[in-house]
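Hello,

I am passing on the structure we talked about, and I hope you enjoy looking through it. Please open it first; my notes follow below.

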Amino acid sequence: ATTAQAQPEQSDIVLTYSNGYGTTTVGTDLKAYVSRDNGTTYTEFTLVTKTPATGEIMVVGRGLDISGQPAGTSMRYKVTTHNQSASKSTWLHGASLTWR
């Protein structure tokens, strides 16, 4: 966890990934979450594909309201993949979490 200086009310995330095999559906096969109480409570981002780059795809989640989570300043993010198989593989390359 990373400690925020003040209790955050909103959060943003940026992810880069590539399709190892098959095609990843953002929001179904690739999901991202944020917590301000050290991972006890998570809120899911709505991810939007922004800019395809060379072999990597950037997705963002912006302005996620986390004010309903229990009080806290211990920030964590979680990225999950779903429906992975021999014909579908998602490769995460990077993640960046911000809050305010």
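Of the 100 residues of the protein chain, what percentage count as buried? The share is 34%. Please keep in mind that this is a predicted model.

Let me start with the overall build. The protein chain has eight strands and zero helices, so from the N terminus on its elements read β-β-β-β-β-β-β-β. With a radius of gyration of 14 Å, close to the 13 Å that the globule rule gives for 100 residues, the protein chain is as compact as a globular protein of that length. Its C-alpha trace spans about 40 × 25 × 20 Å along the principal axes.

Contacts come next. Taking those between residues at least 6 apart in sequence, 75% join residues at least 24 apart. L15 gives an example: leaving aside neighbours within four places in sequence, its contacts include L30, L47, V59, V79 and L92.

L15 also appears in the largest nonpolar core, which has 15 residues. Along with I13, V34, F45 and L47, L15 touches the most other members there. The elements that give two or more residues to this core are β2 (10–21), β3 (30–35) and β6 (57–65).

Finally, the surface and the charges. About 5,500 Å² of the protein chain is exposed, and carbon and sulfur atoms supply 48% of that area. The chain carries 8 positive and 7 negative charges, and the mean positions of these two groups are 2 Å apart.

Best wishes

Definitions and conventions: Residues are numbered from 1 along each chain as its sequence is written. This is a predicted model: local features need pLDDT of at least 70, side-chain atom pairs count only at pLDDT 80 or more; totals for chains, interfaces and linings use all residues. Side-chain values use heavy atoms; hydrogens and water are left out. Helices (H or I, at least four residues) and strands (E, at least two) are DSSP runs, numbered from the N terminus. The radius of gyration is taken over C-alpha atoms; the globule rule is 2.2 Å times the number of residues to the power 0.38. Buried means under 20% relative accessible area, exposed over 50%, partly exposed in between (1.4 Å probe, protein chains only). Contact means heavy atoms within 4.5 Å. Accessible areas come from the Shrake-Rupley method with a 1.4 Å probe; for residues, only the protein chains shown count as cover. Lys and Arg count as positive and Asp and Glu as negative; His and the chain ends are not counted. The place of a charge is taken as NZ of Lys, CZ of Arg, CG of Asp or CD of Glu. A nonpolar core is a set of buried Ala, Val, Leu, Ile, Met, Phe, Trp, Tyr and Cys residues joined through side-chain atoms within 4.5 Å.
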